[in-house]
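Reader: I've got a model open on my screen and I'd like to learn how to read it. Can you walk me through a few features?

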Amino acid sequence: MEISWEIVLCVAIAGLVHYLVYVFVMGKRPKSIVGRHVVVTGGSKGIGLCLAVECAMKGANVTVIARDEKMLSGAVALMEVIRQRPDQKFQYRSLDIGGDYDRVAQVLEEIEEGFGPIYTLINCAGMAICGVFEEVSVQDVHKLMNVNFFGTYNCTRYVLPKMKKAGEGIIVITASQAAMFGIFGYGPYSATKYALRAMAETIAMESREHGVSVTLAMPCDTNTPGFEEEEKSKPRETKIISGGGGLIEPEVMARAILKDALKGNFTSTVGAESWLITTLGGGLLPWDGFFTNLLHSIAIGPLRLFSYGLHKYFNSIIRKCAREDKTKSTSE
């Protein structure tokens, strides 16, 4: 069969496009954290602990911050077991990072005196309290905001000017898929995560020219102690809606977050469903690279129909639960 020059040209162009996509999107070289000081908040359990372990395995000097001293000491003991260098250092601090800023700044300054400047800050402290919006207590809403938002704000506020001055640094802000899509039963919790998303977008725009990269991590449901606690307060509708996506293991999530952070990617997700929701909900996110944006511009139109179907499906679950509750209350 005779092959025309047009076919050869089309194949060559397609091959070139795929190569360029790989080079500019997939082929970023990760930064090294060997011998650098990494601070992980929420580093005593769950994704935070797994991130601390991943950083230790890459040769970093790691400080973990949380409130439970027993679990913190266990985290440090675990990192000691996987030590990569004889001079590698690990430590912990018990601290309420959502409290007074001056106290947080004081502790972080003391940490730097022993381990050197913070090169990477991984904000992973967080909690979830679910419930229908008006049924979540005002006290719990303030607790959510203090832990999720102000805990990240306080630590980031301290390191950011230092990183800008040094001309280098990595900041990870851990939000959630709830930062992309408001879902039944996640009202106040989702509001704190939307706030983190806005913080990350703002800092990324302000800091890029100063050599500081920002990664917004948006984990889906992950098999952690925090998720087990979250399940206790979830309304029935929320459990059905969120249950379809399954659970990701924290080690998988941590590896993905650290990989994206070291490559300087702004977003970090795991799984097709998370990618779809992030793509649809993050039209103005600072996506890296021309080809990534080209892909999104082609995909978002058809995917908008997917989001319409998703809303219809979620609303059908809510209506079904409402009918069942009404039938139950009538029979009683």
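Author: Sure, and keep in mind that this is a predicted model. Let's start with a helix pair: the axes of α10 (residues 272-281) and α11 come within 10 Å and cross at roughly 105°.

Reader: What does that angle make α10 relative to α11, roughly parallel or roughly perpendicular?

Author: Angles of 65 to 115 degrees count as roughly perpendicular, so α10 is roughly perpendicular to α11.

Reader: Which residues meet where the two helices come together?

Author: From α10 you have Trp-275, Leu-276, Thr-279 and Leu-280. On the α11 side they meet His-296, Ile-300, Leu-303, Arg-304, Phe-306 and Ser-307.

Reader: Staying with α11, is Leu-294 buried or partly exposed?

Author: Buried means under 20% relative accessible area, and exposed means over 50%. Leu-294, which lies in α11 (residues 290-331), has 35%, so it is partly exposed. Together with Phe-290 and Ile-298, Leu-294 forms a nonpolar patch on the surface, with about 330 Å² of accessible area together.

Reader: Now for helix α6: why does Thr-192 count as buried?

Author: Thr-192 sits in α6 (residues 187-207), and its relative accessible area is 2%, so it falls under the 20% cut-off for buried. Leaving out residues up to four places away in sequence, Thr-192 touches Leu-144, Met-145 and Asn-148.

Reader: And what about Gly-187, also in α6?

Author: Gly-187 has 26% relative accessibility, so it counts as partly exposed. Its C-alpha atom is 9.4 Å from that of Ile-129, although 58 residues separate the two along the chain.

How values were computed
Residues are numbered from 1 along each chain as its sequence is written. This is a predicted model: local features need pLDDT of at least 70, side-chain atom pairs count only at pLDDT 80 or more; totals for chains, interfaces and linings use all residues. Side-chain values use heavy atoms; hydrogens and water are left out. Patches are made of residues with over 30% relative accessible area and no salt bridge: like charges are joined within 9 Å, nonpolar side chains (Val, Leu, Ile, Met, Phe, Trp, Tyr) within 5 Å. Accessible areas come from the Shrake-Rupley method with a 1.4 Å probe; for residues, only the protein chains shown count as cover. A salt bridge is a side-chain nitrogen of Lys or Arg within 4 Å of a carboxyl oxygen of Asp or Glu. Helices (H or I, at least four residues) and strands (E, at least two) are DSSP runs, numbered from the N terminus. Buried means under 20% relative accessible area, exposed over 50%, partly exposed in between (1.4 Å probe, protein chains only). Axes are lines fitted to C-alpha atoms, for helices over the stretch in contact, and angles run from 0 to 180 degrees between N-to-C directions. Angles under 35 degrees count as roughly parallel, over 145 as roughly antiparallel, 65 to 115 as roughly perpendicular and the rest as oblique. Contact means heavy atoms within 4.5 Å.
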